[in-house]
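Dear colleague,

Please find below the structure that I am handing over to you. A description of what was found in it follows, arranged from the whole chain down to single residues.

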Amino acid sequence: ASEDLSLRAYAFTAAGNLAYGQGDFNAARRFYEQGLLLRQTLPDQDAIADSFHNLGIAAMGLGDYAEARRWIQQAFATWQQTGHSRNLSYALANLASVALLERDYPEASRLHNEALDLFKQLDNKRGIASTLKDLGVVAREQGDYTAAADHLRQAVKEFHDLSDRRGLADS
């Protein structure tokens with residue numbers, strides 16, 4: 001029975017990911033909510049945190065930044081308890097993205113730097129590259145074009161080393 005619920009929760013999450021990828025953030029949220037309801041009946045706290053995080057990303061897509069922050073903070077707190085460092089780094093980066101969207105540049109910079117430190121500890125090259133790019137965007141928005149260019153140059157180097165053409169194009 002537990003395995004059945006876990007598979008159903010996974011299916012809702014996969015459907016939410018598909019809807020999100022198609023830009024249907026309302027449908028994604030509905031699927032993620034269904035997945036969360038099922039996951040909350042199971043003992044897997046990491047999976048519950050994943051649902052919180054997905055709901056935050058969907059809320060960000062819908063432009064509801066307060067809800068996005070609330071969900072992602074719940075995911076972050078849960079992952080802190082379970083010690084899931086990889087997901088903590090992504091939660092920090094997404095909290096930074098929410099701050100950027102809200103034009104809270106000091107907070108976006110602080111959170112991106114925390115995420116960058118964690119990505120470096122984990123030797124997550126793609127996370128490092130993406131966060132450097134995001135720090136460049138934050139610096140540009142603050143009018144610090146020298147820092148923006150420096151971060152973006154570093155991001156380009158990292159994306160090049162990864163042979164990530166999409167990352168290069170975005171930088």
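**The protein as a whole**

The protein exposes about 9,300 Å² of surface, and carbon and sulfur atoms supply 48% of that area. Please keep in mind that this is a predicted model.

The protein contains nine helices and zero strands. Its pattern along the sequence is accordingly written α-α-α-α-α-α-α-α-α. The radius of gyration is 17 Å, close to the 16 Å that the globule rule gives for 171 residues, so the protein is as compact as a globular protein of that length. Taken along the principal axes, the box filled by its C-alpha atoms is roughly 55 × 30 × 30 Å.

Of the 171 residues, 42% are buried. If one takes the contacts between residues at least 6 apart in sequence, 47% of them join residues at least 24 apart. As for charge, the protein has 18 positive and 23 negative charges, and the mean positions of these two groups are 4 Å apart.

**Helix H4 and its surroundings**

Helix H4 covers residues 65-82. At 1.5 Å a residue, its 18 residues should span 26 Å, and the end C-alpha atoms are 25 Å apart, which agrees.

Which residues of H4 are buried? They are Glu67, Ala68, Trp71, Ile72, Ala75, Phe76, Thr78 and Trp79. A general point helps in reading such a list: an α-helix has 3.6 residues a turn, so residues three or four places apart point the same way. The buried residues of H4 pack against three helices, namely H2 (25-39), H3 (45-61) and H5 (85-101). Just after H4 comes glycine 83, which has a positive phi of about 75 degrees.

Aspartate 46 belongs to helix H3. With a relative accessible area of 27%, aspartate 46 is partly exposed. Leaving aside neighbours within four places in sequence, its contacts are Trp79, Thr82 and His84. Trp79 is also one of the buried residues of H4. From C-alpha to C-alpha, aspartate 46 and glutamine 80 are 10.0 Å apart in space, and they are 34 residues apart in sequence.

**A buried threonine in helix H1**

Threonine 13 lies in helix H1, which comprises residues 2-21. Is this residue, threonine 13, buried or exposed? Its relative accessible area is 7%, so threonine 13 counts as buried, the limit being under 20%. Not counting residues up to four places away in sequence, threonine 13 touches Tyr32, Arg39, Asp50 and Asn54.

**The loop between H5 and H6**

Two residues of this loop deserve your attention. Glutamate 102 is placed in the loop between H5 and H6 and counts as partly exposed, at 34% relative accessibility. When residues up to four places away in sequence are not counted, glutamate 102 touches Tyr65, Ala66 and Arg69. The C-alpha atoms of glutamate 102 and arginine 29 are separated by 21 Å, the two residues being 73 residues apart along the chain.

Arginine 103 is found in the loop between H5 and helix H6 (105-121). With a relative accessible area of 65%, arginine 103 is exposed. Its phi is near 65 degrees, a positive value in a residue other than glycine. As background, most residues other than glycine have a negative phi.

**Helix H6 and the loop before H9**

Glutamate 107 lies in helix H6 and is partly exposed, with a relative accessible area of 27%. Along the chain, glutamate 107 and valine 138 are 31 residues apart, and their C-alpha atoms are separated by 9.9 Å.

Where is serine 163 placed? Serine 163 sits in the loop between helix H8 (145-161) and helix H9 (165-170). Its relative accessible area of 62% makes serine 163 exposed. Although serine 163 is not a glycine, it has a positive phi of about 55 degrees.

I would suggest that you locate these residues in the structure above as you read.

With kind regards

Conventions. Residues are numbered from 1 along each chain as its sequence is written. This is a predicted model: local features need pLDDT of at least 70, side-chain atom pairs count only at pLDDT 80 or more; totals for chains, interfaces and linings use all residues. Side-chain values use heavy atoms; hydrogens and water are left out. Helices (H or I, at least four residues) and strands (E, at least two) are DSSP runs, numbered from the N terminus. The radius of gyration is taken over C-alpha atoms; the globule rule is 2.2 Å times the number of residues to the power 0.38. Buried means under 20% relative accessible area, exposed over 50%, partly exposed in between (1.4 Å probe, protein chains only). Contact means heavy atoms within 4.5 Å. Accessible areas come from the Shrake-Rupley method with a 1.4 Å probe; for residues, only the protein chains shown count as cover. Lys and Arg count as positive and Asp and Glu as negative; His and the chain ends are not counted. The place of a charge is taken as NZ of Lys, CZ of Arg, CG of Asp or CD of Glu. The expected span of a helix is 1.5 Å times one less than its number of residues.
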